[in-house]
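Please open the model in your viewer and keep the selection panel at hand. The stops below go from one DNA strand to the other.

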2 protein chains.
Amino acid sequence: MNKILLVEDDNEIIDNLIEFLSKEEFIVKNAKGQNAAIELVENETFDLVLLDVSLADGNGFAVCSAIKSKTCLPVIFLTASGDEFSTVTGFDLGADDYIAKPFRPRELISRIKNVLRLTGTTGSITQLGDVMVDTVKGTASKKGKDLFLSALEYRLLLVFINNRGAVMTRTKLLESIWDIAGDFVNDNTLTVYIKRLREKIEDDPQNPEIIKTVRGLGYKVDA
Amino acid sequence: MNKILLVEDDNEIIDNLIEFLSKEEFIVKNAKGQNAAIELVENETFDLVLLDVSLADGNGFAVCSAIKSKTCLPVIFLTASGDEFSTVTGFDLGADDYIAKPFRPRELISRIKNVLRLTGTTGSITQLGDVMVDTVKGTASKKGKDLFLSALEYRLLLVFINNRGAVMTRTKLLESIWDIAGDFVNDNTLTVYIKRLREKIEDDPQNPEIIKTVRGLGYKVDA
DNA sequence: TTGAATTATGATATAATGTTCATAATTAAT
DNA sequence: ATTAATTATGAACATTATATCATAATTCAA
């Protein structure tokens with residue numbers, strides 16, 4: 001159940017959106033003015049803000065700035081027309097998306113869900129076979145069981161996950177984890193880490209299925 | 001320098017976009033058909049895909065599915081008109097955004113940058129005062145200098161960052177980090193960790209400005 | 001098949017982490 | 001002011017992490 005703050009002063013739109021969004025399993029709370037919006041954001045927790053650009057007491061950009069400076073809430077602008085929203089300044093202010101009125105309700109839902117997914121409010125979990133990494137918590141698990149990865153093992157796993165499909169050279173991996181080209185850490189250190197990580201995440205560490213060796217080039221995980 | 005795969009078969013658009021995006025410091029590579037696109041994605045690394053919905057050899061949705069099943073690349077659809085893109089199926093397929101032709105170049109740039117920011121391909125960095133956390137790399141820094149956080153310290157910091165503005169009770173924190181309600185780890189363990197984390201991230205650990213004690217309730221960081 | 005290069009493994013010293021204890025400092029209420 | 005509760009600190013300890021060495025196994029090419 002995600003909770004949405006609707007900053008809007010047009011009663012018809014308010015009623016329509018509250019009715020529609022409630023059906024879609026969202027909890028909606030309305031603020032009609034800038035101050036009300038900012039106060040609500042300060043005193044309650046929301047998952048997303050729908051923000052009308054043109055409010056009776058001023059434009060929504062100021063509200064967006066205020067919200068973004070206080071929270072990490074995603075903001076979707078509602079605009080009277082596509083042109084009203086300057087994407088350049090809008091996105092610069094930290095807006096996550098915008099939608100022009102009149103919009104089809106289903107499009108609004110899609111955009112809301114999309115933004116929630118992208119901003120990770122619903123959790124940003126990445127999967128690699130049966131290994132799951134939760135970058136929000138900073139943890140990893142295999143088949144639902146917690147993996148106890150050290151800081152370096154975790155970072156090494158992240159590098160592979162964020163470069164799925166690509167062969168990672170030893171140099172690239174060393175740079176990613178140790179920030180240097182291999183002059184200061186022993187070249188074998190990486191090999192040892194690969195081994196240790198494999199021992200924790202692979203079903204059969206001797207025949208790795210996740211982190212594969214690409215002889216002469218480096219290592220890779222399939223996409 | 002982000003690398004973009006442009007899947008488009010109209011030569012005029014290709015030329016325009018390559019010229020414009022190159023000026024904006026993007027590296028652009030073009031694929032004219034479905035197979036070319038999928039092959040490129042498999043053999044090269046990109047940061048984002050711009051995907052025309054209507055290609056000569058079929059519609060772009062199939063390409064989107066193929067890309068998303070193989071990679072975690074963000075995809076922005078280019079559509080001839082707003083209606084052509086079904087936001088419902090489009091977003092369900094994993095599309096990250098879409099833009100209807102004709103679009104203003106600056107809007108395209110804004111949307112590209114926005115998606116890159118949201119999907120974290122440019123790094124999903126969260127800031128807490130002068131402390132930055134990069135959950136893509138699994139690292140943290142203060143004033144640009146690397147912090148060497150242990151696995152538990154890093155996770156504790158993430159809990160605070162993901163709950164900015166809220167008071168976190170000792171029980172909640174213990175549950176977040178140790179997955180238990182405090183029965184198995186000593187109650188003081190958390191206190192010691194708070195102290196150690198403060199020593200690494202606070203300017204003056206004796207007078208913490210980031211992680212504040214809320215006596216009787218727990219700890220909180222401001223939003 | 002042999003040899004050189006690459007990758008894997010096992011063992012080890014050192015440093016850091018994780019947990020607990022004992023004790024001090026702080027705060028709020030009586 | 002005294003007391004009780006809460007939070008902070010310092011130090012001790014067992015455990016784990018980290019980096020390196022030596023050595024083994026593997027692969028590829030001559």
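Begin by selecting α8(A), which gives the most to the surface near DNA strand D, with 6 residues; here a helix is a DSSP run of H or I with at least four residues, numbered from the N terminus, and a residue is near a strand if one of its heavy atoms lies within 4 Å of it. This is a predicted model, in which local features need pLDDT of at least 70 and side-chain atom pairs count only at pLDDT 80 or more, while totals for chains, interfaces and linings use all residues. Residues are numbered from 1 along each chain as its sequence is written, chains are lettered from A and ligands numbered from 1 in the order in which they are written, and side-chain values use heavy atoms, with hydrogens and water left out.

Next, show everything around DNA strand D: 24 residues surround this strand, with A:S150, A:N186, A:R196, B:T213 and B:Y219 the closest. Sugar and phosphate make up 66% of the strand D atoms that come within 4 Å of the protein.

Zoom in on the phosphate oxygens of DNA strand D, where a polar side-chain atom of A:S150 lies 2.4 Å from one, and where B:G216 places a backbone N or O atom 2.8 Å from one.

Now turn to DNA strand C, which 23 residues surround, and select α8(B), the element that gives the most to the surface near this strand, with 6 residues. Among the side chains to display here, B:S150 has a polar atom 2.6 Å from a phosphate oxygen of DNA strand C, and A:R170 has one at 3.1 Å from a phosphate oxygen of that strand.

Conventions
A polar contact is a pair of N or O atoms within 3.5 Å; within protein, one must be able to donate a hydrogen and the other to accept it, and residues adjacent in sequence count only if both atoms are side-chain atoms. Helices (H or I, at least four residues) and strands (E, at least two) are DSSP runs, numbered from the N terminus.
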